[in-house]
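Q: Could you take a close look at a single part of this structure for me, starting from one side chain? After that, I would love to hear how the surrounding architecture is put together.

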Amino acid sequence: MKLLKLLVLMFFTNSAVAASPLLTPSKASSELSHSLQLDNGLLVNIISDPRATSSAISVNIGAGQRHSPEKYQGLPHLLEHAVFMGSTAFPAPSDWDDFVKSAGGWSNASTRPDNTRYHLQIEHEYLYQSLVRLSDLLFKPLLTVDVVDIGVAEVNEEFLTGKTSEWQRILSVIRATTSTANSAKLFGTGNKASLNGSSQELRLAAQQFHSTYYVPNNMVLVIYTNQNYKQVAKLVSKTFGRLDRGNIPKLQRVDLHDTSQLSTLYKIDAKSANASVDIRFNIPTRFDKKNRSLARYVAELIGHETKGSILSYLKAEGLAHSVSTAFQGDSYNEVLDVYIQLTDEGKENYQEVINVVFAYINMLNTNPHPDYINAELQYLQAQAMNTQISRDAGDWVSDISDLMLFTQEDPIIFGYSQDSLSQSDIQEYLQYISPNNMQVFLTTNELEGETFITPYYETIYSQSIFSTLQTTTWMKASLSELAFPAPNIFISKTTEKQNLGIHKERTFSGEILGLESDALVTIALDERLTLIDKISLSIMLKAYLETSLGDNDYFAKLAGYRMNFKSDADFIKIVFSGEKSNLMTYLNSVLTEVLNPSISNESFLQAKKKVIFELESKAEDKAFKQAFFNMNLLKFGIMSSDSLISIVESMTLKQYKSLLNNLPDDLFILVPNKGTPPFKNLKKSTPKKTDEKAKITKVVGFPNAGNAAAYSLWLNDNPVFDLAVLSVLNEVIAAPFKAEMRMKRKLAYIADTHLSVDSGISLTFIIESSHHSSKELEIVVKDYLKGQLDSGTLFSDESIKLAKVNALRKLEDNLLREPTNYTLQVLQVGSSLSDYKNCLNQVIKGITKEDLLAILEQ
């Protein structure tokens, strides 16, 4: 076969929190963080970072779903929605959203089991005004009858949208099988039925809940900004310090389950074709450093995927597709969930699957633990603590506020702690991972004995107790094939650059991109291939990439090495990221395997099986995600994931090799200070003249996905102008679209837009409703866009001016945090990232109302 044409860009990026290029958790904790407590009891953490280019705020309240009144389950969630819809000083329902948009930011909130958090990200100059408005929003919400009605409608729509989710159905059984004395049994999400009262009754209940729990001494506040700590502390005191303390009723900790609910099997009537088993163990909460370290250690061992693991044994026996571990719970109760996706054979032999799990636990209990296992975890946690933060500042501070609410430790670095562990520590902890301390939830179509039905979700399930003989057998289970993972080959201090051993290498400079991290591999696709051939080749290559190293794939991921795979009609782009000492080792190992001409039929069939399983699993996604995925397939002329499955199923090894043979055969590696690459396939892109009318190369319609629709405006003419005009259009229309669908029409809880730079530049409108079909939603979106075109009310000079400012801010932030997404566009425009930014700036400034309307006209 011909060798692939590869362009490898080597750089080491400074991923950042909202454009702060040098921030790490360690630095934030040791150098930038300042804590204080106001006289009214409010705990505050201010992270003052001179390099930050956006400010962020998170307020976390120590009351959530568990605190729902029995009569009005979901009331805290209702309140979370309602407070955004007007306060004493800012009474209009849209005042908050309008302000956040004008401040160049975003905001969000979530109601969790034992807390409710509000967070936002804005430009620095709006920090004080944000504190003023947030304080008024949280402490003086209007909570009118109309607001309560809208809140109930939104909560109910959120419930209905997720009601068919298999995981939500399983969770409803988990709640139903919780101790009646434990508040975790409450239906915290809520819906119209659980909030069954008059509007006035609900209003009074919400006001009572608000006055009880929304008090300063039941809150924490985290701020990230470039402003001076002392100045910010004065602003906090001025806006939050004048509020009165409250008397907060405390929930008592109660065991999650009665003894009769343990060692129990719950069979759940499945709606999904993919069977699964959840084996859940009650464990101590992880707000203690030692417990957190032990939990991480045990979960990593149970979930490891290499030789000797639970997964490797189950796969070899044809019993499972995957094994994963997760922690679920809160500051009162927590469980370790071992989640196993079963094959049909595994579903029939679920007791053998459970036996394998306990055989592994017994192996951990009876064998000395190698020192390197926890040493590797300590190394990785220390590395993570000193790794630049890549998340949005708003999301980052909200996670800090979670920990700050429930632990006395430093909340910035607490999550990274990994204590030294003795053999006795581990053995003591493993006592919780016992057949006598578990519940098992099996999705199946074969229920046994008496059946029960959960409230609201109407999930049918049966219950049975495992026999003493069965649990005793599991406690003695043993399998010689099970073992500890080997040492991780990707945890070392190797710094030697390694070349790709499969191609002749030409080295060029990645310096023109202004980037310093990660590796970007770009594979050019032959223009003679059909779109269907291109996507078929892309998804098969992705499957090979993800499994190419065998056991070492798991070790690479554990060590923080990742691949981000994207493809369009012209290129396959793979971003290799991770700690730079072994990054080239990782890249070299993967590509050597994937591009090996000697592909066995067995490995080809395994790759096909992986692709088909993943595509079939998308049927379990929420409808709006399915619609969005199908919309992207339409760009390649494929109508749905089912159509793509048929294409993959019919592909032969000979056809796959033929597709590989159609690829060009040059390899380019770009490293700093080595010259400039010859991008023969790329055309220089110049700013679009403002008198030229935008052209929609293709409009993708509405893929059918149950009660959801996705509508995409896809431009593929001039990459700079296309990105600029759709970015500005998105800023003009996104917030009004969401407000119209969610609040005004009460049509859908999920209504959003998505701007993408893959496969051309596209702006997609996504909507999902519990009570409208995808065809009805298609008409709604078309009518909305046509209405905006006809009226032009959104396109005032002022709104377009603001949209340009916000669009440019977001694009600059994205370029800093995710530069590899824009690599090809940068190279098309000029010789540097700076050129690209300047070009975008110039084009965005020239965008006119006519440019925006021209998009909608087509």
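A: Happy to! A residue counts as buried under 20% relative accessible area, as exposed over 50% and as partly exposed in between (1.4 Å probe, protein chains only). Lys534 has a relative accessible area of 7%, so this lysine is buried. Please keep in mind that this is a predicted model, in which local features need pLDDT of at least 70 and side-chain atom pairs count only at pLDDT 80 or more, while totals for chains, interfaces and linings use all residues. Residues are numbered from 1 along each chain as its sequence is written, and side-chain values use heavy atoms, with hydrogens and water left out.

Lys534 sits in helix H17, residues 531-547 (helices are DSSP runs of H or I with at least four residues, strands runs of E with at least two, numbered from the N terminus). Setting aside residues up to four places away in sequence, Lys534 is in contact with Leu525, Asp526, Glu527, Leu529 and Ala569 (contact means heavy atoms within 4.5 Å).

Now for the surroundings, beginning with a sheet. Six strands form an open sheet with mixed pairing, in the order E2-E3-E7-E4-E6-E5 (two strands pair if DSSP finds at least two bridges between them). Strand E2 (33-37) and strand E5 (106-111) each have a single partner strand, so one side of each is left without a neighbour in the sheet. Neighbouring strands here are turned by 10 degrees on average, direction ignored (axes are lines fitted to C-alpha atoms, for helices over the stretch in contact, with angles from 0 to 180 degrees between N-to-C directions).

At one edge, E2 runs antiparallel to strand E3 (residues 43-48) through five bridges, with Ser35 partnered by Asn45. The two make a hairpin with five residues between them, and Gly41 in the turn has a positive phi of about 95 degrees. At the other edge, six bridges join E5 to strand E6 (residues 116-122), again in the antiparallel sense, and Trp106 stands opposite Gln121.

The largest nonpolar core has 54 residues, and Leu134, Leu138, Tyr214, Leu221, Val236 and Phe240 have the most contacts inside it (such a core is a set of buried Ala, Val, Leu, Ile, Met, Phe, Trp, Tyr and Cys residues joined through side-chain atoms within 4.5 Å). Helix H4 (residues 127-139) supplies its largest share, six residues. A second, separate core of 51 residues includes Leu301, Ile302, Ala320 and Phe358.

A further open sheet has seven strands with mixed pairing, in the order E10-E11-E9-E12-E8-E14-E13. Its edge strands are E10 (320-329) and E13 (451-453), each pairing on one side only, and the twist averages 25 degrees from one strand to the next. E10 pairs antiparallel with strand E11 (residues 334-342) over nine bridges, where Thr325 has Val338 as its bridge partner.

Helix H9 lies across E10 and E11, running at about 165 degrees to E10. The axes of H9 (residues 289-303) and helix H15 (residues 423-430) come within 10 Å and cross at roughly 80 degrees. Among the residues in this contact are Leu294 and Tyr297 in H9, and Ile426 and Tyr429 in H15.
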